[in-house]
Protein chains: 2
Amino acid sequence: MDTSALRLRTATADDWPAIWPVWQRVVETGETIAWDPATDEPTARSLWMARPPAAVFVAERADRAGRTQVVGTAKLVPDQPGLGDHVANASFMVHPDAAGAGIGRRMGEHVLDEARRRGYRAMRFNAVVETNDRAIALWTSLGFAIVGTVPEAFRHPRHGLVGLHVMHRTL
Amino acid sequence: MDTSALRLRTATADDWPAIWPVWQRVVETGETIAWDPATDEPTARSLWMARPPAAVFVAERADRAGRTQVVGTAKLVPDQPGLGDHVANASFMVHPDAAGAGIGRRMGEHVLDEARRRGYRAMRFNAVVETNDRAIALWTSLGFAIVGTVPEAFRHPRHGLVGLHVMHRTL
């Protein structure tokens with residue numbers, strides 16, 4: 001699908017009101033990310049809009065009325081502090097109404113570029129839900145490999161206890 | 001070695017001054033845990049003495065003059081929030097001068113018991129330094145398995161870039 005009209009950029013604190021509907025819709029499904037599906041807005045803000053070295057990104061495009069709308073968001077952080085801070089970790093959310101349009105891929109590519117630019121040497125995920133086929137296919141196609149799977153580490157609302165993949169790629 | 005005189009208990013904020021010398025000595029070696037070896041005391045305190053559901057433990061024993069001395073500390077936290085908070089994560093530190101005395105094993109057993117008591121169903125480590133033979137042997141003997149290894153994820157002061165093991169066991 002055409003994602004040429006999609007704009008990827010670093011977010012500021014002012015973007016939070018436009019990020020929150022995406023965050024809420026993704027987290028409330030409880031299928032792709034561990035945060036409590038009932039997380040309230042102030043808590044979500046403190047979880048997502050972290051200070052440097054964390055960085056938050058938004059994917060935005062015009063809606064039918066021509067208004068700019070945030071349809072996805074990503075967060076880039078060091079996976080470990082200090083002696084492990086050369087490996088990044090990232091989280092991604094795409095509004096369900098915009099799923100399947102290539103937004104996740106565009107965000108993934110953008111955040112990999114940003115991670116390289118910021119000096120990270122690799123990227124690691126710790127909690128890729130093993131039933132999230134779309135995410136696993138995306139990250140595999142972007143060069144990630146499954147390092148291992150922590151069994152029964154995620155309480156899926158439909159599938160019960162499922163594993164969390166650790167995934168990794170060098171940059 | 002005899003660890004019968006060792007006392008394991010949950011720490012309170014008042015224990016920090018006695019924990020800090022252990023924390024500093026372990027972290028400044030840069031061989032077993034990722035925090036910046038030069039971490040200052042207030043930062044260390046905020047990193048270690050976290051609020052519930054995190055719990056901190058101390059291992060203490062009498063020194064030659066009969067004074068109670070903290071020789072080890074551990075921290076127990078949920079590995080993931082929300083839908084992943086049934087899996088614990090833990091960190092352990094033993095003062096180098098007290099190494100080899102079985103303190104790590106006693107602390108490990110204690111924290112596994114505490115994790116069970118608090119309702120966790122498994123324990124996961126994300127950053128076991130692959131050159132830390134003593135820790136790997138200890139955790140393996142306590143029922144942990146290596147799930148996978150993130151390559152070159154830790155800057156070791158003597159060995160250069162080494163991997164970080166993800167380890168796991170059910171409770």
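This passage describes the strand order of chain A and the contact between chains A and B in a predicted model. Local features need pLDDT of at least 70 and side-chain atom pairs count only at pLDDT 80 or more, whereas totals for chains, interfaces and linings use all residues. Residues are numbered from 1 along each chain as its sequence is written, and chains are lettered from A in the order in which they are written.

Chain A holds an open sheet of seven strands with mixed pairing, in the order β1-β2-β3-β4-β5-β7-β6. Strands are DSSP runs (E, at least two residues), numbered from the N terminus, and two strands pair if DSSP finds at least two bridges between them. The edges of the sheet are β1 (7-10) and β6 (145-156) of chain A, each pairing on one side only. Within the sheet, β5 (residues 122-129) and β7 (residues 160-170) of chain A are joined in the antiparallel sense by six bridges. Val129(A) lies opposite Leu164(A) of β7(A).

A turn of 180° with a shift of 0.0 Å along the axis lays chain B on chain A with an RMSD of 0.0 Å (least-squares superposition on the C-alpha atoms of residues with pLDDT of at least 70 in both copies). This is the relation of a two-fold axis. Gly148(B) comes closest to the rotation axis among the residues of chain B, at 2.3 Å (C-alpha).

The contact takes 26 residues from chain A and 26 residues from chain B, where contact requires C-beta atoms, placed from the backbone, to lie within 7 Å. On the side of chain B that touches chain A, β6(B) gives the most, with eight residues.

Methods. Contact = placed C-beta atoms within 7 Å. Helix = DSSP H or I, 4+ residues; strand = E, 2+ residues; numbered from the N terminus.
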